[in-house]
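The following note is offered to a colleague who has not worked with this structure before. Please read the numbered points with the structure open.

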Amino acid sequence: MKRPERLWLALAAAALVVLPWYGLEDTVDAVLALRPEAMPALGQAAFGGCFWLLPLLLAPALAGWGVARGRPRLLVAGGVIGIAWLALEGLAIIHRGWGWDFLSVLGPAPTQPALGWGALLFALSCAMLVAIGLARLGRCRGDVFVVAAILLTGLSILLFIGLPLLSVLASAVRDDAGHTDVSQFLHKLTDGSIWGFGCLHGGGACGSAWNSLAMALLVGVTSTALGLAFALVAVRTRVRMKSLLGLLSILPVITPPFVIGLALIILFGHAGMATVFLADHFDIPRSRWIYGLPGIAIAQTLAFTPIAYLVMAGVLQAVSPSMEEAAQTLRAGPWRTFRTVTWPLIRPGIANAFLIGFIESMADFGNPLMLGGNYTVLSTDIFFAVVGATHDQGRAAVLAIVLLVFTLSAFMAQRLWQEGRSFTSVSGKGDAGLHPPLPGGLKALCAAAVLPWIVLTVVVYGIILGGGFVVDFGRDNSLTLKYFLTAFSIEHGVGGWFLSGSAWSSFITTLELALVAMPFTAGLGLLTAWLLARQDFAGKGLFEFGTMMSFAIPGTVIGIAYILAFNVPPLELTGTGIILVLAFVFRNMPVGIRAGLASLSQLDRSLDEASLTLGARSFRTVRLVVLPIIRPAVITAMVYAFVRAVTAVSAVIFLTTAQYQLATVYIVGRADVGEDGMALVYSAALIVVMVAALGIIVLLVGRQRIGRRGLAAGNMGVGVA
Amino acid sequence: MNRLAVEFQGVSKLYGQAAAVDDVSFTIEPGTLVTLLGPSGCGKTTTLRLLAGLEPASRGRILIGGRDVTALSAAERNVSMVFQSYALFPHMNVRENACYGLRAGGMRRAEAEAVAREKLRQVGLAGFEERLPGQLSGGQQQRVAVARAIVLEPEVLLFDEPLSNLDAKLRRHVRDEIRALQQTLKLTVVYVTHDQQEALAVSDRVIVMNAGRIAQDGSPRELYEQPVSRFVADFIGDANLMPVTVCGIDDATASVSLGGVTLSLPRRGLADGTAELAVRPQALRLAHGTTGPVLPGHIRKVCYLGSHMEYEVVLDGIAGAFFISDPDVVRPLVEGDAAGILVDAAAVALVPPE
C-alpha cells in the first residue's frame with residue numbers, strides 16, 4: 001500500500017456512513033431488523049436526532065483536505081479531533097442522560113446507547129490517520145509502522161488497563177448515588193475489616209490487609225526456601241532428576257490455581273482422607289485446621305515453589321564455577337566456599353524469588369476461595385464485596401486499591417532490586433569448570449525439605465488426576481465413570497449426536513475464547529516487547545511504566561476494574577464474550593512481552609540494522625528478519641497465552657455470564673456446592689488439554705526451550721495468578 | 001562537476017549530556033576510501049552509524065551525494081553497511097541474503113537473483129548460493145556481507161571494523177581484497193578501524209578521532225610524518241615522545257636541542273618555548289662507533305626479537321629514554337653498556353605540547 005492514508009481515510013468515512021454506530025452484539029440481526037441503533041453515525045445524526053455526532057465528520061474532512069494538499073499536519077489534526085470528540089460526546093451523553101452533572105444547565109438530557117462497530121472502526125482509523133500524519137511529519141524517522149505500533153499499543157493499554165484502573169479509583173471515592181464523597185472513601189479505607197488487629201488481642205479476626213500481608217510474607221519465605229532447596233539438589237548434586245525437573249517447570253503453568261486447594265481439602269478437610277485415617281487409627285480428633293492460614297499457606301507453597309525453584313535454579317547455574325574453584329584453590333572447604341562465595345552470589349536471586357512468591361500469594365484468588373474459611377484476604381474480599389449480599393462496589397474498589405498498592409510496591413521493589421544488582425556472572429562462553437559438591441549437612445537439610453514436598457506434590461496431583469474417577473475419595477475408592485460421564489458424555493438422540501455432558505458448554509466456550517484471545521495476546525505482547533527493545537521514542541518511559549503495570553495487577557483487580565469501567569456506555573462490554581477476550585488479552589499480555597524481550601535480547605541488533613541499511617523499512621524488517629528468527633518465542637507466547645487463558649479464574653469470575661460460562665468458574669462452582677468428583681474430573685480434563693497444548697510447543701520448538709522459557713519467565717518477574 | 005560523496009557539517013551526537021560525537025565536520029570525495037581511526041570510545045563507530053542513518057544526529061547536517069539526508073532513516077539513504085558481526089540473516093541462504101536489498105527495493109525475484117549472482121561471483125562466492133551463513137567460514141561470511149552490501153550499488157559503502165572477527169593471517173588478505181574491490185568498482189568507502197596499520201594500508205585518507213572530535217584529517221603519510229598533536233603521534237606508529245625546548249626559530253625551521261645535539265626541524269607554526277618531539281624508531285640508530293653528533297646514553301633493557309634487537313636506551317643528562325631497534329643480533333649489547341644514538345632529523349617531527 002503506497003498511500004495508506006487514502007485507505008484509512010476511506011475507512012474512517014465508511015465507519016461514519018456505513019457501519020452501525022451503536023451496539024456491539026448481534027449486529028447482523030440488528031441491521032437486518034432495521035433497528036434504529038443499527039444506523040450509521042450519519043443516519044443517527046440525520047434521522048435519530050443525534051446531532052452531536054455531526055462534528056465527527058470534521059475528522060475525515062480535515063484529513064481528506066490534508067491528503068489532497070499533502071499537508072500531514074491536517075491528518076494529525078483530523079485524527080485527534082475525531083478521537084477527542086468521540087471520547088467527549090461519548091462520556092458527556094450516556095444512556096441515562098448527561099454524563100456530567102454540570103451539563104444539566106444545557107437543558108434536558110439526550111441519551112445514547114453504547115458505542116458499536118462503526119465507532120470502533122472510526123476510532124481506529126482516526127488513530128491510524130494521526131500515526132500516518134506524524135510519520136509524514138518525520139516522527140520516528142518517517143516510519144508509519146513504528147508510529148502506528150506505538151500509538152495503537154499505547155492507546156489500547158490506556159483504554160484497557162489505564163481507564164479500568166481509573167474507574168476503580170473513581171468508584172472508590174463515590175457514594176452509591178454516584179456523588180464524590182471523600183469522607184466515605186476514607187471511612188472505607190480505614191475500615192476495621194481491612195486494618196483491624198482483632199486477632200492479636202483476643203476475640204475477632206484481623207483485617208484482610210494484615211491477613212494478606214502475613215500470608216504473603218509466609219508463603220514468600222516458604223516457597224523461596226523450598227525452591228532453593230530443590231534447586232540446590234537439582235543443580236548441585238548428582239541426583240538424577242532431569243525428568244522431574246522438566247515436569248516441575250510446567251506444573252505451575254498447567255495447574256488451574258484453585259485445584260491444589262481442592263485436593264488439600266479432600267486430603268486434610270474435616271472429612272478428608274488423611275484426617276479420617278488419623279482419627280480412625282491414632283485417635284487424633286478431626287478438626288478444620290486446613291481452613292484458614294495453614295491451608296492457604298500449604299496450597300500456595302505447593303503452587304509457587306516451582307516458580308521459586310525456576311528462579312533459583314537459574315541463579316545457581318549463573319554462578320560461574322570458576323569463582324567457586326578459585327575459592328577452593330585458596331584452601332576453602334565446601335562449607336566455607338558455600339558460605340563465603342556461593343551464598344553471597346545467589347543472595348540477590350533469593351530476594352527476587354521471595355518478592356515473586358510474595359506477589360503471587362497476594363494476588364492468588366483460587367486457593368483462598370477454596371480454603372479461606374474465616375480467614376479473609378484482600379483478593380477474595382474484593383470478590384465477596386461484589387457478589388456477596390452486601391454488594392458494595394465502593395468497598396470492592398477500595399480493597400482493590402489496597403491490594404494493588406501492595407503488589408505494585410512489591411513489584412517495583414523487585415524491579416529495583418534486579419536493576420541494582422546483576423548477580424549473573426555468566427558471559428555465555430568460556431566458563432568451564434565444576435561446581436563444588438554441597439556441604440554434607442546442607443545436602444541432608446535440602447533432602448529433608450525436598451522429599452516430603454515431592455511426596456505431597458505427588459499425592460496432590462494424584463488426587464487431582466484420579467479423584468474424579470472414584471466414587472468418594474478416601475471413603476469409597478471404587479472406580480467409577482459417573483462424574484466423567486455427567487460432565488463429558490456424548491449421546492445419540494433425536495437429530496444425531498449431541499454433547500449432553502454438563503461441562504461441554506463451558507469447556508467449548510473456554511477453548512473458543514482462549515483461542516480467539518491467543519493471537520491478540522501474543523501479538524500485542526510481542527509488538528510491545530519489540531517497541532521496548534528496539535525503538536526509542538518520546539514518552540517511552542511512560543509507555544514502559546504502562547506495560548509494566550500489567551505485570552503487577554492482580555487478576556481480581558482486573559476483574560473488578562473491567563466491571564466498573566465497561567458496565568455502562570460509552571463502552572458497554574459486560575456480559576459479552578468480548579470483555580472476556582479483552583480480559584484474557586490484557587491480563588496475559590506479559591506472557592508475550594516476556595517471551596519477546598527474552599528472545600529479542602538474544603537477537604543481535606545489527607541484524608535489524610543490516611536490514612534497514614539495505615533499504616527495508618521496519619515493517620518489512622520485522623516480517624522478514626525478526627519474526628522468522630524469533631519464531632520459537634512466537635509459538636511459545638501463543639501457547640502460553642492460550643494455556644493461561646484456560647486456567648484463569650480471578651479476573652474472569654466477575655465477568656462470566658450464563659451465556660459465557662468458563663471452565664474454571666464452572667469448576668469453582670461445582671467445588672463450592674460439594675461436587676468434588678465433578679470438579680476434579682473437569683480439572684483433570686483441563687490439565688490434559690494443556691499438556692497437549694504444551695506438547696505442541698515441544699514438537700514445534702524443541703524440548704530445551706521450554707525449560708529456558710520457564711527460566712526466563714521466572715527471572716523476569718511475576719505471573720500473577 | 002565532481003560532487004562530494006559525503007559531507008558532515010558540524011554534526012554532534014549527544015547521549016544525555018555526554019557527546020559521543022562532538023561537532024564533527026569533514027568531506028569525502030567520490031571513489032575514495034576514507035578511514036575513521038581512533039581508540040575505542042572515540043566516536044568513530046557512532047560517526048559511521050550517523051552516516052548510515054542508524055542513529056539520528058543531535059545537531060548538524062549530513063549530506064550524501066549533495067543531498068541533505070539528516071532527517072532520513074537508514075532505509076531511505078543510499079548507503080549500505082558491512083557490519084562487524086556481518087549480520088547475515090541466519091534463516092536465509094547466501095542467495096537470499098544477497099538479494100534482500102534488491103527485493104526490499106521492489107525488484108523482481110529473477111532479476112534480483114541475476115544481479116546477486118554476479119556480485120557473489122565478484123567476491124569469489126560462485127557456487128555457494130544455496131548455503132546457509134552458518135555453513136560458511138568466517139572469511140566467506142564476510143564476503144557474503146560485502147556482496148550483500150555492494151549489490152545495491154550504494155553511493156557510499158560503510159565498513160565497521162570488518163577484519164576484527166578474522167584471524168591474523170586472513171586479515172591482511174581480506175584487507176587487500178577490500179582495497180582492490182574498492183579500486184576496481186570505484187566505490188566510495190568509509191571504513192572504521194582501531195588498527196592504525198590497517199588504516200595506513202588501505203586508505204586514501206584517514207580521519208583520526210579522539211574523544212568525539214577529529215584529531216587529524218589527512219593522507220596516511222601526513223599523519224605519520226606530520227602529526228599535529230601528541231595524541232596522533234602516539235596513536236599512529238610507535239613514536240618516542242620527548243619534551244624539548246625550542247631554542248631558536250626562523251621562517252620555516254625551529255631548532256631544538258636534545259642532549260648535546262641540535263636538530264633543525266620544520267617549524268610547523270610553533271613558537272619559542274616547550275614542544276614535544278615525536279621520534280619514529282627508524283629515525284634512531286645505534287652509533288656503533290661512528291663519530292659525529294651522537295646522543296650519549298646507556299642500555300637499560302635488551303630484548304631479542306629474532307629478526308632484530310630492541311633496546312631501551314636511557315639518555316645521559318636528560319630525563320628520558322628511547323626505544324631503538326638494531327639489526328645486529330649476532331653481537332648484542334648488554335644492560336649497562338654505553339651506547340651512542342644517531343638521529344635522522346627527517347623522521348622526527350615537532351608537535352605542540354598538550
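**Notes on the predicted model**

1. A nonpolar patch on the surface is formed by A:Val17, A:Val18, A:Leu42, A:Phe51, A:Leu54 and A:Leu57, which together have about 530 Å² of accessible area. The reader should bear in mind that this is a predicted model. One of the patch residues, A:Leu57, sits in the loop that runs between α3 (41-47) and α4 (58-69) of chain A. A:Leu57 has a relative accessible area of 33% and is therefore classed as partly exposed; membership of a patch requires over 30%.

2. The second point concerns the contact between the chains. Chain A contributes 19 residues to the contact and chain B contributes 32 residues. About 1,900 Å² is buried between chain A and chain B, and carbon and sulfur atoms give 61% of this area. On the side of chain A, the residues A:Arg141, A:Thr613 and A:Leu614 supply 41% of the area buried against chain B, more than any other three residues.

3. Charged pairs also occur across this contact. Between chain A and chain B the count is 2 salt bridges. A salt bridge joins A:Glu609 to B:Arg49, with the closest N and O atoms 2.6 Å apart. In addition, a network of salt bridges links A:Asp143, A:Arg617 and B:Glu76.

4. Within chain A, the side chains of A:Asp143 and A:Arg617 form a salt bridge at 3.9 Å, N to O. A:Asp143 is in the loop between α6 (117-136) and α7 (144-172) of chain A, and A:Arg617 is in the loop between α26 (605-613) and α27 (618-629) of chain A, so this pair ties together parts that are 474 residues apart in sequence. The partners are placed as follows: A:Asp143 is buried because its relative accessible area is 9%, under the 20% limit, whereas A:Arg617, at 27%, is partly exposed.

5. Chain B is divided by the domain assignment into domain 1 (6-225) and domain 2 (238-351). The C-alpha centres of domain 1 of chain B and domain 2 of chain B are 40 Å apart.

6. A salt bridge in chain B brings together the side chains of B:Glu153 and B:Lys119 (3.4 Å, N to O). This pair links distant parts of the chain, 34 residues apart: B:Glu153 lies in the loop between α4 (138-150) and β7 (156-160) of chain B, and B:Lys119 belongs to helix α3 (residues 109-122) of chain B. Is each partner buried or exposed? B:Glu153 is exposed, with a relative accessible area of 56%, while B:Lys119 is buried, with a relative accessible area of 8%.

7. Another salt bridge in chain B is formed by B:Glu276 and B:Arg230, whose closest N and O atoms are 2.6 Å apart. Here too the pair links distant parts of the chain, with B:Glu276 in strand β14 (residues 273-279) of chain B and B:Arg230 in helix α8 (residues 230-235) of chain B, 46 residues apart. B:Glu276 is buried, at a relative accessible area of 8%; B:Arg230 is partly exposed, at 31%.

8. A last remark sets these pairs in context. Side chains of opposite charge can pair when their charged atoms come close. Over all chains, a search of the whole structure finds 26 salt bridges.

How values were computed: Residues are numbered from 1 along each chain as its sequence is written. Chains are lettered from A and ligands numbered from 1 in the order in which they are written. This is a predicted model: local features need pLDDT of at least 70, side-chain atom pairs count only at pLDDT 80 or more; totals for chains, interfaces and linings use all residues. Side-chain values use heavy atoms; hydrogens and water are left out. Domain bounds come from an automatic or database domain assignment. Patches are made of residues with over 30% relative accessible area and no salt bridge: like charges are joined within 9 Å, nonpolar side chains (Val, Leu, Ile, Met, Phe, Trp, Tyr) within 5 Å. Accessible areas come from the Shrake-Rupley method with a 1.4 Å probe; for residues, only the protein chains shown count as cover. A salt bridge is a side-chain nitrogen of Lys or Arg within 4 Å of a carboxyl oxygen of Asp or Glu. Helices (H or I, at least four residues) and strands (E, at least two) are DSSP runs, numbered from the N terminus. Buried means under 20% relative accessible area, exposed over 50%, partly exposed in between (1.4 Å probe, protein chains only). Contact means heavy atoms within 4.5 Å. Buried area is the accessible area (1.4 Å probe) that two parts lose on being put together, summed over both.
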